[in-house]
Amino acid sequence: MRDKPKQIHLAVVYSVGSNHNLWTRSQPGTHIDFSSFTHLAQTAERGKFDFFFLTELLRLREKGPRAIEDHEVAGSPNIMAILAGLAAVTTHLGLVATDNATFNEPYDLARQIASLDHLSGGRVGWNVVTTNVDWVGENFRRGGYLDYGDRYLRAGEFLDVARRLWESWAEDAVEADVARGVFVRDDAIETVAYHGKQFDISGQFTLPRSPQVHPVLLWAGNSSEGREIAAAQADMVFCKERDLEDGQAFYADVKRRLARYGRAWDDLKIMPGASYVLGDTEEEARERAEHIRREQVSPQTAIAFLEQIWGQDLSGYDPDGPLPDVKPADPAARATVSKLRAEAKQHHLSIRDLAVELTSSKTGVFVGTASQVADQMNEYVQRDASDGFVLAPFVQPTGLDEFVDRVVPELQERGVFRSDYESTRLRDHLGLPPARTAGSQTAPPQTTKGAFDAPGRQRPSP
Amino acid sequence: MSLADVTEKGRRLHLGIATDGAGSHPAAWRYPGASPGELFSAAYYVGLAREAERAGFDFLTIDDSFAPQSDWPQDARGRFDALQLAARIAPATTRVGIVPTVTVTHTEPFHVSTGLATLDFISLGRAGWQLKISGSDADARLFGRKGLAPPGEMYAEALEAAEVVTGLWDTWEDDAEIRHSVTGRFIDNKKLHYLDFQGRFFSVRGPSITPRPPQGRLVVVVGLDHPEALPVAAEMADLVRVPAADAGEAAEVRARVRDAVSGVGRDPDSVAVLADIEVTLGATAAEASAALTELDRLAGRPYVPAGFSFAGPPAGLADLLEHWFTARAADGFVLRPTVLPVGLTALADEVVPLLAGRGLIEAASGEGAPATTLRERLGLPAAENRFTALTGGPRSSGGHP
């Protein structure tokens with residue numbers, strides 16, 4: 001049993017490329033101006049959050065051939081650059097980047113991450129993602145040739161290379177001894193040579209070990225394969241929102257896998273995405289929540305949503321009227337359409353009502369007074385459905401203000417959230433053990449033969 | 001305002017400062033006035049940037065390469081990713097331009113473009129880009145994707161990369177974000193453009209994920225480190241860095257650059273040629289020479305800097321810069337102190353005031369100077385968007401963000 005209640009970890013994410021963001025409530029430029037990112041990060045730091053998190057889209061979404069999706073917030077910064085800027089305007093807050101192991105090269109990205117860890121005093125995390133979509137690859141030299149299996153092979157080798165580079169300067173390599181004329185101790189820098197299926201690399205790294213040595217590694221593990229990789233490799237799983245029971249099952253399943261890799265229960269944190277709607281009364285909060293759901297799906301968004309399913313122009317239909325009576329262009333969509341028709345008929349839903357139901361999830365949204373929201377979040381964590389939450393406010397950049405002002409004090413009063421930072425390192429905020437370096441007892445497995453080759457997985461033949 | 005206008009009213013020289021590690025000399029870290037224990041600390045570089053800003057330099061440069069700078073055991077080595085460092089410095093300053101090196105041989109032009117655009121957002125329009133190739137075998141082996149190509153091929157690839165990097169900046173028109181709540185449209189997607197770049201070395205679809213940066217086009221700096229760099233400079237550069245042995249050579253190279261710029265249909269007055277000058281200051285010429293001799297002794301081998309190396313008193317340097325500038329050997333300079341931070345402080349306190357006193361730079365270019373974009377500060381023409389003509393929107397940006 002624990003002497004003090006389990007501590008909640010909190011992060012804030014600014015995500016792009018969805019209808020989550022209520023952009024009509026914020027001013028022009030606020031999704032890209034540095035001052036917005038500064039406000040959000042400083043608010044999170046004021047609330048003693050563990051970290052600030054950014055997700056990434058490497059190609060703008062399209063609603064049709066050569067037509068960029070125009071109903072959502074589009075336009076986002078380069079993640080590594082904006083986080084380096086935020087390192088200047090914050091002092092303790094963790095800074096977590098989503099960086100793609102398919103469309104980056106390990107030496108370059110490992111160096112950027114190590115630079116940021118130095119420049120921020122040990123506050124960096126890396127959410128490792130992969131892509132196998134040709135469409136995204138069209139923005140890159142590399143193109144989109146990696147198939148499903150190879151993208152994980154590449155990610156595994158990518159991490160192997162990155163770890164070797166991060167550890168390649170001995171801990172005490174830099175002497176800067178003016179009198180003796182020794183800047184770097186002899187033999188203190190390993191020449192890294194890596195010869196894998198994906199990478200054939202050799203040379204010396206340009207940076208000493210950074211404060212955390214390795215960044216905190218996040219893995220978006222939802223599939224069974226993803227969970228196994230996370231258990232072997234990651235410090236944290238960033239996962240989709242689930243209700244309490246599903247969350248508990250997921251949590252237990254992932255944590256159980258840790259022992260196989262010689263890791264303790266608390267060595268990996270599980271943090272689902274979540275949001276919140278506050279009110280002075282429960283009723284007010286519920287009204288606000290319902291209003292937000294409808295606001296996320298404008299009449300045009302609702303029509304656009306159906307057009308994607310029907311595969312044809314439906315702009316002549318009334319969003320507040322019944323579902324289109326025409327057949328979908330693609331015969332394969334007929335089953336889906338008849339299911340939607342049945343649902344709309346049963347619940348008396350208009351086009352927009354249906355789009356709201358289908359695209360705006362209630363799961364993972366905590367609704368109530370500040371005290372109620374604190375209780376709901378706390379219960380979710382204490383009952384082992386997660387170790388905390390990655391919060392996505394609805395309004396950029398001010399949406400986090402009320403949470404920090406009203407809910408954070410409630411959590412602090414319950415003794416489940418820190419009232420101040422005890423360290424400047426993200427690894428310490430999260431209560432994680434030091435990085436597992438090659439010399440340490442629980443070195444990470446050789447991923448090329450380890451968890452990235454999950455047993456039983458079919459790899460397409462070349 | 002173009003450079004030609006400036007010329008009529010009293011031509012001013014552009015002044016940049018290299019803020020790399022312990023200074024340009026390999027033995028700098030061992031010299032009095034260096035901070036060898038601070039070379040991997042953000043605070044050290046923020047301090048240099050603020051000093052450069054206080055002094056009134058137009059911009060600072062941060063060099064970069066993937067492989068370590070030196071394999072001599074007694075040399076300082078190691079450095080940050082220059083773009084990361086630039087982004088870390090930017091919020092801690094308000095007026096000085098920030099120009100990191102970002103290489104294009106082993107990197108993805110798409111990431112280079114969004115990274116630099118983001119630096120421009122963070123710095124409120126004070127960003128520049130020093131475009132370089134990764135020209136060493138050691139760089140190539142750290143990527144393992146391709147062997148070392150001949151310089152001509154690498155610069156041809158660099159030109160394609162620069163077309164993509166700058167082209168992606170234009171793929172969002174300045175007024176693409178409309179937030180039209182009645183129609184539910186966040187952007188006007190007619191003002192977002194596919195780049196559809198198809199080159200010899202790669203193809204990139206676009207549009208960028210990042211909106212057009214505040215300056216529209218960051219100040220692009222190309223160094224003539226190799227003769228094959230000239231076509232890239234002619235097509236792409238706002239500023240050309242020249243390592244010249246003396247004023248005569250600098251004047252020749254400047255004329256060659258201007259010809260090349262005219263040759264591709266650009267106005268030569270829209271491009272400034274800056275000479276690299278390595279600087280060792282002393283109270284007297286003898287004192288400065290002695291310092292340089294001592295640095296060479298500490299380095300343990302003969303060290304030959306790229307470009308002109310000045311060792312002498314502050315007034316001597318001011319005379320030299322004035323002479324090169326008035327003789328049209330250069331439109332400005334990138335000063336490279338042999339030892340930092342002491343060399344920067346000496347320039348700030350003893351040389352910059354002399355230049356201001358002679359009317360070669362703005363008298364109040366340091367503290368109290370208004371915050372402008374780097375393009376404005378350098379008097380560069382506003383950046384036109386290559387796609388805007390197609391939709392009839394405003395033709396340029398480059399004003400205050």
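Biologist: Which parts of chain A and chain B do the buried residues of α2(A) pack against?

Modeller: Keep in mind that this is a predicted model. Nine of the eleven residues of helix α2 (residues 79-89) of chain A are buried, so the helix is largely enclosed by the rest of the structure. Its buried residues, among them A:I79, A:L83 and A:L86, have partners in both chains: α1 (34-46), β2 (51-54), β5 (94-100) and α3 (106-120) of chain A, plus α3 and α4 of chain B.

Biologist: Which residue caps the N-terminal end of α2(A)?

Modeller: Look at the backbone nitrogen of A:M80, which has a side-chain oxygen 3.2 Å away. A:M80 itself is one of the buried residues of the helix. The oxygen belongs to the capping residue, A:N78.

Biologist: Is A:N100 buried or exposed?

Modeller: A:N100 sits in strand β5 of chain A. Leaving out residues up to four places away in sequence, it touches A:E56, A:L58, A:L109, A:V129, A:T130 and A:T131. The cut-off for buried is under 20% relative accessible area, and A:N100 comes in at 3%, so the verdict is buried.

Biologist: Which side chain makes a polar contact of 2.6 Å with the side chain of A:N100?

Modeller: A polar atom of the A:N100 side chain lies 3.2 Å from the backbone nitrogen of A:F103, but that one involves backbone. The side-chain to side-chain contact, at 2.6 Å, is with A:T131.

Biologist: How much area do chain B and chain A bury between them?

Modeller: In terms of residues, 71 of chain B are in contact with 77 of chain A. B:Q84, B:R179 and B:I209 supply 12% of what chain B buries against chain A, more than any other three residues. Carbon and sulfur atoms account for 59% of the buried total, which is about 6300 Å².

Biologist: Which element gives the most to the side of chain B that touches chain A?

Modeller: The rule finds 37 residue pairs in polar contact across this interface. Elements of chain B that each supply at least two residues to that side include α3 (82-89), α4 (109-122) and α5 (137-143). The residues there divide into 32 nonpolar, 22 polar and 17 charged. With eight residues, the top contributor is α4(B).

Biologist: How many salt bridges does the rule find across the interface of chain B and chain A?

Modeller: One to look at is A:R111 with B:D64, where the closest N and O atoms are 2.5 Å apart. There is also a salt-bridge network linking A:R59, A:E62, A:R66, A:E138, B:D196 and B:R205. Searching the whole structure gives 66 over all chains, while the count across this interface is seven.

Biologist: How many residues apart in sequence are the parts that B:R12 and B:E362 tie together?

Modeller: These two form a salt bridge, with the closest N and O atoms 3.2 Å apart. B:R12 is in the loop between α1 (3-10) and β1 (14-18) of chain B, and B:E362 is in the loop between α11 (342-357) and α12 (374-377), so the pair ties together parts whose separation in sequence is 350 residues.

Biologist: What is the relative accessible area of B:R241?

Modeller: B:R241 meets B:D276 in a salt bridge of 2.9 Å, N to O. B:R241 lies in strand β10 (residues 239-242) and B:D276 in strand β11 (residues 272-281) of chain B. B:D276 counts as buried at 10% relative accessibility. B:R241 is buried as well, with a relative accessible area of 10%.

Notes
Residues numbered from 1 in each chain as written. Chains lettered and ligands numbered in written order. Predicted model: local features only at pLDDT ≥ 70, side-chain atom pairs only at ≥ 80, totals over all residues. Heavy atoms only, no water. Contact = heavy atoms within 4.5 Å. Buried area = accessible area lost by both parts, 1.4 Å probe. Salt bridge = Lys/Arg side-chain N within 4 Å of Asp/Glu carboxyl O. Polar contact = N/O pair within 3.5 Å; in protein donor to acceptor, adjacent residues only side chain to side chain. Helix = DSSP H or I, 4+ residues; strand = E, 2+ residues; numbered from the N terminus. Nonpolar A, V, L, I, M, F, W, Y, C, P; charged D, E, K, R; others polar. Buried < 20%, exposed > 50% of the residue type's maximum accessible area, 1.4 Å probe, protein only.
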